[in-house]
Amino acid sequence: MATASGAPPAAMDEKARRTRDLLASFYNTEPSAASSAGAAAPASLARSSPAAAPASPLDSINSTSFDPEIYMNVLVQQSNLEGLLQRHVKMAAEIKNLDTDLQMLVYENYNKFISATDTIKRMKTNIVGMEAGMDQLLSKITSVQSKSDTVNTSLFDKRENIEKLHRTRNLLRKVQFIYDLPTRLNKCIKTEAYGDAVRFFTGAEPIFEAYGDTSFQDCKRASEEAMDLVIQHLQAKLYSDSEPIEARAEAVVLLKQLNFPVDNLKSNLLEKLEDCLLNLQNEPTQASISDISKTFRAYLIIFPDSERRLIELAQALFSNRYETIRESLKKRIPSTDLLAMLRSLWEDATAIDEVIPEAALPAFSLETTRDIIRQHIATAFLHLQNEISDTLVRTHSTSNEKLEESQLQTAMDTSKMKVSQGCIDLLQEFHHLIDGNAELLVKLRDLIIDWVQEGFQDFFQKLDRHFHVLSGRSKSFPKESSALDSVQIDKVPTVLVLMLAQLCVYIEQTTIPKVTEELASSFSGGGSRSYEYGPPFVPGEICRLYRSSGEKFLHHYINMKTQKISKLLNKRFTTPVWIKHKEPREVNMFVDLLLLEFNGVVSEVKQILPGQIRRHRHSDSTGSTTSSRSNPMREDMLNRSNTHRARSQFLENHLAKLFEQKMEIFTKVEYTQESVISTVLKLCLKSLQEFVRLQTFNRSGFQQIQLDMEFLKSSLKEFVDDEAAISFLLKEVNSAAHERCLDPIPLEPPILDKLINAKLAKIKEQNPNMQ
């Protein structure tokens, strides 16, 4: 702040010096001044840096000892062609600027000279005739003075007599006042005008001290008896609990005016004041604060040495009231209500500060308000995080039950709305903190802007960590996460992970841009705090964070679904003895379970992820280009004998792999239904292939695998459109079973079709609505 406040005067001094030098050089009035001004800058540099080297010939261009030849020689020796061109451009610009400045100076001074000439002409015109008027005025004043002296001389004797009579009249009034004093005091006692009684008696005390034992003895005795009664009434008022504190303070003042010892009353009155302040903390009102301010003022007058105690009481009063506001922050309160409370306290502190400035209540209130507003902002972000967490946890609590159609989509929309609208609502709440024109808010405006921006940065980071805890990827529980008490992290539902992935995408693409735009429009500025690592809110960093987290959650969801289905497949292939498998009569039940799991994945994905499905046909795939050539060979082989067909098919598969174009099965996962479903299916089929490779099959076992894979081939078309990849993986499973089979003789196509049609008919019979 010191640098900022000191910069403008320095700039003005430099401008004035430059203007003076230009004028001197233009009019040639002070040649030495121009030379000394030209050398001022090098001299100041020399003084500021004693260890600096002697001035270079290049720096003497503004001095009187400038030599063009030496300057050019040094410049040519020290600079290349590019440097000379740059020096030329710079010097031409400086010459142009100097010419412009000189022209402006001449123009401005010319206008000033013309204006001065016109002013002198007007003065000469207006002063004509003024001398005669002044002489006439002087003669009139002389005449008035002479007449005044004549009147004073004629009335001098009468005035002296009048003054003597006036003094006599005043003395008689005082004597009459002394005689009437006892009666006046009794009237004051009856009307409880004790202040007037004390004023009358203290005014008559000098006369009683001088003439009380002689002329006014009876009046003095009667007045003292009346004042004894006044003192008794004042003491009774002082100790009466029904009397207000101001009345008791007034009684103390009156007693002190009567020279009554009141020091022993000090502790009692301070205790009464402390009790009054305790009652004020429960029901603070403007009227009570005004009364307390007046009471403090009275106490300072009554007891000047009680200032330290009054300061302690005032500080304790405001500390307790601010602590009450801190307690109320634990429950979320609107910013308008908080500002009303803080504004009321600030006005109260200002009122008390006028009486006790040593208590420094405005500074204390400003510092405390600063902490309270920062706590309010942090609490608001914490409540929003808890609300988002509660919304997701409610989804978790119902995810284990049977979900109705579009229930997940509704929960997803609710979570998005809670994040986006919650941030907008917070911004509107915080806008009240900087929108007011109160003195308190103006002082804290830059800090509030910084806290809001820093709060959003911290909020999004904490929300990301909270998402990782909810997904089960992180085991560190944040202290402020109250909603995690009902969540079993070890049993996190997969749908919650998928919702977190989509929510991260929504926050990155929608919420953060909205928040950034609102911050730029309503919360720009700030910068009152120095940030060592850059600005408080960095939207690019938050977007990268949520983009990375979204990808992690998406892969985590795929892995969780794949692991669940892989456990089902592992149980299927490890339980039976494949070497003794019976002849297949129908599609195995595990296929139904597998398709049921796939249906669950599809239901979750279609309700949460967008439906940007890209069609992948076999002709467009990067899969095998020889599959069409292998099909006629396979049909030809099936017409041969079983043993010859098995051997030929085994040889055919190996030969086909040699000429097959490598297929890219696992590509980058995108936030689309097709991408996620395809990835889950591909991973599950790949796991199925590995489980098959670990078993040994007889002919029936191999035929069972063939039947199951053929049925899956037709059923999985409902889930994805990448038929090439699915067909390729199913063929790999068949090839793995073929390699691990002792007698790899496949089923005849008619038998295979008959079994598959029977399974389809059975499914249609169980589900009549199925098309």
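How are H19 and H20 oriented to each other, roughly parallel or roughly antiparallel? In this predicted model, the axes of H19 and helix H20 (residues 589-608) come within 10 Å and cross at roughly 170°. Angles over 145 degrees count as roughly antiparallel, and H19 and H20 are therefore roughly antiparallel to each other. On the H19 side, the contacts between the two helices involve Tyr-557, Lys-561, Lys-564, Ile-565, Leu-568, Leu-569, Arg-572 and Phe-573. These residues meet Phe-590, Leu-593, Leu-594, Glu-597, Phe-598, Val-601, Glu-604 and Val-605 in H20.

The protein as a whole contains 26 helices and zero strands. Of its 771 residues, 38% count as buried. Among contacts in the protein with a separation of 6 or more, 79% are accounted for by residues 24 or more positions apart.

Ten aromatic pairs are present in the structure. In one of them, the ring centres of Phe-460 and Tyr-546 lie 6.1 Å apart with the planes at 90°, so the pair is edge-to-face. This pair links distant parts of the chain, since Phe-460 belongs to helix H17 (residues 439-471) and Tyr-546 to helix H19 (residues 539-574), with the two positions 86 residues apart. Both Phe-460 and Tyr-546 are buried. The two residues also belong to a cluster in which ring pairs link Phe-381, Phe-430, Phe-456, Phe-459, Phe-460 and Tyr-546. H19 thus contributes Tyr-546 to an aromatic pair with H17, and residues including Tyr-557 and Phe-573 to the contacts with H20.

A charged side chain is also placed against an aromatic ring: Arg-184 lies over the face of Phe-200, at 5.8 Å from the ring centre.

Contacts with residues in this part of the sequence were examined for Gln-257, which is found in helix H10 (residues 245-257). Gln-257 is partly exposed, with a relative accessible area of 41%. When neighbours within four places in sequence are left aside, Gln-257 is in contact with Val-198 and Thr-202. The C-alpha atoms of Gln-257 and Arg-199 are separated by 8.8 Å, although these residues are 58 residues apart along the chain.

Helix H25 (residues 723-739) comprises 17 residues. From its first C-alpha to its last, H25 reaches 24 Å, close to the 24 Å expected at 1.5 Å a residue. Of the 17 residues of H25, 13 are buried, so this helix is largely enclosed by the rest of the structure.

Methods: Residues are numbered from 1 along each chain as its sequence is written. This is a predicted model: local features need pLDDT of at least 70, side-chain atom pairs count only at pLDDT 80 or more; totals for chains, interfaces and linings use all residues. Side-chain values use heavy atoms; hydrogens and water are left out. Helices (H or I, at least four residues) and strands (E, at least two) are DSSP runs, numbered from the N terminus. The expected span of a helix is 1.5 Å times one less than its number of residues. Buried means under 20% relative accessible area, exposed over 50%, partly exposed in between (1.4 Å probe, protein chains only). Rings of Phe, Tyr and Trp (its six-membered ring) pair if their centres lie within 6.5 Å; planes under 30 degrees apart count as stacked, over 60 as edge-to-face and the rest as tilted. A charge sits over a ring if NZ of Lys or CZ of Arg is within 6 Å of the ring centre and within 35 degrees of the ring normal. Axes are lines fitted to C-alpha atoms, for helices over the stretch in contact, and angles run from 0 to 180 degrees between N-to-C directions. Angles under 35 degrees count as roughly parallel, over 145 as roughly antiparallel, 65 to 115 as roughly perpendicular and the rest as oblique. Contact means heavy atoms within 4.5 Å.
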